[in-house]
Amino acid sequence: MTTVRVLASDTVSIETGALVVGIHASSDGPQVAPGADDLDQALGGTLAAALGAVGFTGKPEEIAKIPTLGALPAPLVLAVGLGERPDDGYDPETLRRASGAAARALAGTASAALALPASTADEAEAVALGALLGAYEFSRYRTGERKEPVGELTVLSAADGADAAVERASTVAEAVSLVRDLVNMPPSDLWPAKFADIAEDAGTKAGLTVEVLDETALKEAGYGGISGVGQGSVNPPRLVRLAYGHPDASRTLAFVGKGITFDSGGLSLKPANSMDWMKSDMGGAGAVLGALITIARLGLPVNAVGYLCLAENMPSGTAMRPSDVLHTFSGKTVEVLNTDAEGRLVLVDGIARAAQDSPDLIVDVATLTGAQIVALGWRTSGVMANDDAIREEVVEVAVSQGEAAWGMPLPDELRKGLDSPVADIANLNPDRWGAMLAAGIFLREFVPDGVRWAHIDMAGPAFNKAEPYGYTPKGGTGAITRTLVALAERYAADGGRAAD
Ligand code: BES
Ligand code: MN
Ligand code: ZN
């Protein structure tokens, strides 16, 4: 396990396995960033020139390891690129990514001190968070030699409030790591009831009130969407409600997460190469769980409820069929034209239930459509809403956390494509164009009038199929967890847009 602490120490005397220093790129070659001046002096002021001599430029996330050859107690200096030096303060994401890249490069090292720019509490937090997230490893299924993440991290900072800021980083990183673990777990070890147990355990420990509806309770209460999607699997569905309250809160946020522990497509079966990573189809529920745990542990003055809509989408003799009609919790009926459009079916039950909590805002989070990846690529989530100001607020908050997001429209003319000849609405638009937006339009139909709602489609960002970068590992990313926490912080601080 990786741990983190703050120390207001010089960099020269500290006993540690490695010293991490930031390097800026400039037209005069690499330059040592603030935080490592005394270390550079101890090395005779030669660090930048030595790095330049081996072709190091200081571009973002570039890494070089330099032995200190006895000049310092630390045996190793790890240089990480920060790009050009900013004129007016560091973008926290630059620090998080550099720190994360450094932590990844330090796997196997017992301890490291981070002498990166950390002259403010926010910078110290970014350095700590990036390193903790970058150090993440998922090795529990390996039986041979395991790659151990870097052990004890020390953030070198004398900033006021650095201790509390780094403590926050550590709380957030713990939750994001839990979300990544859940996404990475094979579906043979994470089915709906197991996910509900984990949520109940972790949620209760964090001080949340947790309620779980099993398949019988779901049917009785009329959750036809979740029940329908789950009925084809031997692992029955669950709906988990997580609640957090604060006596000073004036606002209530509701988060709803898509939690398909495996999406085979159901009878509308996916092709093999689209299916092999569908264990990640519960990333939205993971983010909601991680956010609720973090909000409780930080004690934010806001009320928050989270719904995890958990089901396994499988083909079988009991599975829902294309052309089946489901009676959803909202009272509306849905014709299932394609059983692979299952996420929206579980979500609308969660959204309709969440509306009963009279929230100021509902945000649903889902790995909902392949079309999100077509439109925005692997790293940028699509944000839709029934209110333009809310949509822009969610985008702004996500981007402030380094979670790329882009506002998307919900064009009314797409609603017609969801008309069903037999039910109130169909779950699929036969016209494949604009499929991310059509999914958003489907969800919007289930948001009661007067309720503010935003939808985050993070099909791509939830799972990194490519190589690691910055603080993002391969596999489960924990995406949008931090966005939800930051939204809660905003609603705690100034009431957010819903206060307008
Ligand atoms: N879970 C998938 C969406 C998805 C695709 C997530 C790729 C992550 C990566 C979702 O349930 C799905 O299958 N969507 C279909 C909907 C279609 C049948 C209308 C899609 O996007 O193809
Ligand atoms: Mn699907
Ligand atoms: Zn799905």
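This briefing walks through two metal sites, two single residues and some salt bridges in the structure above.

The model is predicted, so local features need pLDDT of at least 70, side-chain atom pairs count only at pLDDT 80 or more, and totals for chains, interfaces and linings use all residues. Residues are numbered from 1 along each chain as written, chains are lettered from A and ligands numbered from 1 in written order, and side-chain values use heavy atoms, leaving out hydrogens and water. A good place to start is Asp 263, which bridges the manganese ion (ligand 2) and the zinc ion (ligand 3), 3.1 Å apart.

**The metal pair**

- Around the manganese ion (ligand 2) sit Asp 263 (OD), Asp 340 (O), Asp 340 (OD) and Glu 342 (OE), at 2.0 to 2.2 Å. Donors here are N, O and S atoms within 2.8 Å of the metal (3.2 Å for Na, K and Ca), and water is not among the atoms, so sites may look incomplete.
- The 6 donor atoms of the manganese ion (ligand 2) subtend angles of 71 to 169 degrees, so the arrangement comes out irregular. Its donor residues are spaced D-x76-D-x1-E in sequence.
- That pulls together distant parts of the chain: Asp 263 is in strand β10 (residues 252-263), while Asp 340 is in the loop between β13 (333-335) and α11 (343-355), 77 residues apart. Helices (H or I, at least four residues) and strands (E, at least two) are DSSP runs, numbered from the N terminus.
- For the zinc ion (ligand 3), the protein donors are Lys 258 (NZ), Asp 263 (OD), Asp 281 (OD) and Glu 342 (OE), 2.0 to 2.4 Å away. Along the chain they follow K-x4-D-x17-D-x60-E.
- The zinc ion (ligand 3) has an octahedral site, with angles of 79 to 172 degrees among 6 donor atoms. Four donors count as tetrahedral if all angles lie between 85 and 135 degrees; four count as square planar and six as octahedral if opposite donors are over 155 degrees apart and all others between 65 and 115; anything else is irregular.
- Asp 263 counts as buried because its relative accessibility is 2%, and Lys 258 is buried with a relative accessible area of 2%. Asp 340, at 23%, is partly exposed. The cut-offs are under 20% relative accessible area for buried, over 50% for exposed and in between for partly exposed (1.4 Å probe, protein chains only).

**Salt bridges**

- There are 28 salt bridges in the structure, each a side-chain nitrogen of Lys or Arg within 4 Å of a carboxyl oxygen of Asp or Glu.
- Asp 263 turns up again here, paired with Lys 270 at 3.8 Å, N to O. Lys 270 is buried at 16% relative accessibility.
- Arg 490 and Glu 396 meet at 2.8 Å, N to O, in a salt bridge. The pair connects helix α15 (residues 481-493) with helix α13 (residues 388-400), 94 residues apart.
- Glu 211, Arg 241, Arg 353 and Asp 357 form a salt-bridge network.

**Asp 457**

- Asp 457, in strand β18 (residues 453-457), is buried without a salt bridge; the nearest side chain of opposite charge, Arg 344, is 7.4 Å away. For charge, Lys and Arg count as positive and Asp and Glu as negative, with His and the chain ends not counted.
- The Asp 457 side chain does make a 2.7 Å polar contact with that of Thr 369. A polar contact is a pair of N or O atoms within 3.5 Å; within protein, one must be able to donate a hydrogen and the other to accept it, and residues adjacent in sequence count only if both atoms are side-chain atoms.

**Pro 315**

- Pro 315 lies in the loop between β11 (303-313) and β12 (325-327) and is partly exposed at 34% relative accessibility.
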